[in-house]
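Here are some short exercises on helix geometry and packing, each with a worked solution. Keep the model open beside you as you go.

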Amino acid sequence: MSFGEIFIILIPIFFVILLGFIAGNRGIFNKETSKGINTLVTKIALPAHLFVGVTTTSRETIFDKASFLGALVIGVIGFFVVVLLVTKWTSKYNFVQSTMFSLNSTQPTFAFMGIPVMGSLFGAETVAIPIALMGIIVNALLDPLATILGTVGERNKGSNSDEKQESLFKVTIKSILHGLSEPLACVPIVGLLLVLIFNFHLPELGEKSLDQIGNVVSGVALFAVGVTIGINKIKLSFSAFSIAILKAIVQPLAMILIALALGLGHNDFVMAVLLVSFPGSAVASMIAIRFKSLETEVASAFVISAILSIITLPFLITAIM
């Protein structure tokens, strides 16, 4: 595809984000009211859409995604670990700050931009499995890992809160269970198990019923991204720009090398790269706020990476398509 064709596909997507930005910037939505939109997308509409996508896919197709899953694990978990180690060794950040810096440099807002962007290129049904696998990796692996490491870092600082006085084993179990309880993790896992073990195929009535809520995900998710950008204030700093550049540029380039090394087919190659090329995640920012670490930097980085993606996404898609 040419740059012009890609840009035309992306214009409606960025237009909806712009509407959300105006609504957030003008105060039509604030941090409290925007939570309702985010909840609708992440806990109801997108899980419903993913469940339909997974349970209307053949067992053979899911088995064929093994290499794709491996690429995502390396490109997300591996990238997080590498950035964490480099940040800890080369910066003045403590372990908690390094963990939050790395998490926000790694976690994409795939839940909000995956369906509209990738669906425009491949079709919403085709991208359901890749997005479901990304949901499992992020919610069941990345976020619990970052939470565990952040807790370890705070314990090493000698904090005395009740949460940090819990045994590391309990913190680990709680973090993993919390991740697995998130609909973006547990719903795809349930769907995958049903297909792989029982060769389950969702009946047409169930598909149509879930599609009633699942089909709203694209527009609402993009609007929610815009609102989140609009209500956050940008504070320009070296850390914020570093996180945004790692997220929007370095991680996609790293995934290109990983996907090439694993020999992914063209469509899987493109989808793997796109899944990590989206802006930083508001969820990752909230985890940083929970640990009271780099709150301003990660919130600013989210906005900067979103603005940067307007430039990088068209070029990236043109190059890899």
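Which handedness does the crossing of α2 and α10 have? Let's work towards it, bearing in mind that this is a predicted model.

**Exercise 1. Describe how α2 packs on α10, handedness included.**

Step 1. Start with the axes: those of α2 (residues 31-55) and α10 (residues 183-198) come within 9 Å and cross at roughly 15°.

Step 2. Angles under 35 degrees count as roughly parallel, and that makes α2 roughly parallel to α10.

Step 3. The crossing of α2 and α10 is right-handed, which settles the opening question.

Step 4. Now look at who touches whom. From α2, the contact residues include T42, K43, L46, P47 and L50; among those they meet in α10 are P183, L184, V187 and P188. Sorted by class, the contact of α2 with α10 holds 13 nonpolar, three polar and one charged residues.

**Exercise 2. Find the relative direction of α14 and α16, and say what their contact is made of.**

Step 1. The axes of α14 (residues 266-277) and α16 (residues 295-320) cross at roughly 165° and come within 10 Å.

Step 2. Angles over 145 degrees count as roughly antiparallel, so α14 and α16 are roughly antiparallel to each other. Their crossing is right-handed.

Step 3. On the α14 side, H266, F269, V270, V273, L274 and S277 take part, meeting L313, L316, I317 and I320 of α16. By class, that contact has eight nonpolar, two polar and no charged residues.

**Exercise 3. Do the same for α6 and α7.**

Step 1. Here α6 (residues 110-122) and α7 (residues 128-156) pack with axes 11 Å apart, at an angle of about 170°.

Step 2. The same kind of reasoning applies: α6 and α7 are therefore roughly antiparallel to each other.

Step 3. F110, G114 and I115 of α6 make the contact with I131, M134, G135, V138 and N139 of α7. These residues divide into five nonpolar, three polar and no charged.

**Exercise 4. Check the length of α13, then look for a bend.**

Step 1. Helix α13 covers residues 238-262, which is 25 residues; at 1.5 Å a residue, α13 should span 36 Å.

Step 2. The end C-alpha atoms of α13 are 34 Å apart, which agrees with the expected span.

Step 3. Where does α13 bend? The bend is at L246, by about 40°.

Step 4. Finish just past the helix: G263, just after α13, takes a positive phi of about 70°.

Terms used. Residues numbered from 1 in each chain as written. Predicted model: local features only at pLDDT ≥ 70, side-chain atom pairs only at ≥ 80, totals over all residues. Heavy atoms only, no water. Helix = DSSP H or I, 4+ residues; strand = E, 2+ residues; numbered from the N terminus. Expected span 1.5 Å × (residues − 1). Bend = angle between axes of the 7 residues up to and from the residue. Axes fitted to C-alpha atoms, helices over the stretch in contact; angles between N-to-C directions. Parallel < 35°, antiparallel > 145°, perpendicular 65-115°, else oblique. Left-handed = near helix turned anticlockwise from the far one by under 90°. Contact = heavy atoms within 4.5 Å. Nonpolar A, V, L, I, M, F, W, Y, C, P; charged D, E, K, R; others polar.
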